[in-house]
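Please open the model in a viewer and keep the selection tool at hand. The tour begins with the chain as a whole and then proceeds to single residues.

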Amino acid sequence: MREALLVWFVFINFIAYLVMSDDKRRARERKERIPERTLFLLAVMGGALGVLIAMYTKRHKTRHGSFVVGIPLLLFLNAALYTYFLR
């Protein structure tokens, strides 16, 4: 189970980073955007680290209070759950 959880951690964070980056690209090109609900869902599913890294490397959603506060809180929750299940 430990290996599966580690694979999930890498996978979901990679996907979350890519989706957040794609939303930034779409914003610049004024194309249809990815719903914020989807970005938060990825974070809740364990990808908060990927979303947070993309937020600050791509400078995306950093002025949205729900992201500035919510994603770090979800990261803390993710860390607690990963720690619980990996020990």
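Of the 87 residues in the chain, 34% are buried. The model is a predicted one, and every selection below should be read in that light.

**The whole chain**

Display the backbone as a cartoon. The chain contains 3 helices and 0 strands, and its elements follow the order α-α-α from the N terminus. Next, reduce the display to the C-alpha trace, which spans about 45 × 25 × 20 Å along its principal axes. The radius of gyration is 13 Å, in agreement with the value near 12 Å for a compact globule of 87 residues. When contacts are drawn between residues at least 6 apart in sequence, 68% of them join residues at least 24 apart.

Now switch to a surface display. The chain exposes about 5900 Å², of which carbon and sulfur atoms supply 66%. Colouring by charge will show 14 positive and 6 negative side chains; the centres of these two sets lie 6 Å apart.

**The nonpolar core**

Return to the cartoon and select Met20, Ala43, Val51, Met55, Phe67, Ile71 and Leu74. These are the residues with the most contacts inside the largest nonpolar core, which has 19 residues in total. Two or more residues of this core come from each of α1, α2 and α3. Which element gives the most to this core? It is α2, with 9 residues.

Centre the view on Leu74. Apart from neighbours within four places in sequence, Leu74 is in contact with Phe40, Ala43, Val44 and Ala48. Ala43 thus appears both among these partners and among the core residues with the most contacts.

**Helix α1: Asp23 and Ala27**

Select Asp23, which lies in helix α1. Is Asp23 buried or exposed? Its relative accessibility is 0%, so Asp23 counts as buried. Show the residues around it: beyond the neighbours within four places in sequence, Asp23 is in contact with Arg33, Ile34, Leu39, His60 and Lys61.

Move along the helix to Ala27, which is also found in α1, a helix covering residues 2-28. Ala27 has a relative accessibility of 26% and therefore counts as partly exposed, the range for that class lying between the 20% and 50% limits. With neighbours within four places in sequence set aside, Ala27 is in contact with Arg33 and His60. Both residues are also contacts of Asp23. To follow the second of these partners, draw a distance between the C-alpha atoms of Ala27 and His60: the separation is 9.2 Å, although the two residues are 33 apart along the chain.

**The two loops: Arg30 and Lys61**

Select Arg30, found in the loop between α1 and α2, the latter helix covering residues 36-57. The phi angle of Arg30 is near 55°, a positive value in a residue other than glycine. Arg30 is exposed, since its relative accessible area is 79%.

Finally, select Lys61, placed in the loop between α2 and α3, where α3 covers residues 65-86. Lys61 is not a glycine, yet its phi is positive, at about 70°. Its accessibility, however, is 9%, and Lys61 therefore counts as buried. Keep Asp23 visible for this last view, as Lys61 is one of the residues in contact with Asp23.

Key:
Residues are numbered from 1 along each chain as its sequence is written. This is a predicted model: local features need pLDDT of at least 70, side-chain atom pairs count only at pLDDT 80 or more; totals for chains, interfaces and linings use all residues. Side-chain values use heavy atoms; hydrogens and water are left out. Helices (H or I, at least four residues) and strands (E, at least two) are DSSP runs, numbered from the N terminus. Buried means under 20% relative accessible area, exposed over 50%, partly exposed in between (1.4 Å probe, protein chains only). Contact means heavy atoms within 4.5 Å. The radius of gyration is taken over C-alpha atoms; the globule rule is 2.2 Å times the number of residues to the power 0.38. Accessible areas come from the Shrake-Rupley method with a 1.4 Å probe; for residues, only the protein chains shown count as cover. Lys and Arg count as positive and Asp and Glu as negative; His and the chain ends are not counted. The place of a charge is taken as NZ of Lys, CZ of Arg, CG of Asp or CD of Glu. A nonpolar core is a set of buried Ala, Val, Leu, Ile, Met, Phe, Trp, Tyr and Cys residues joined through side-chain atoms within 4.5 Å.
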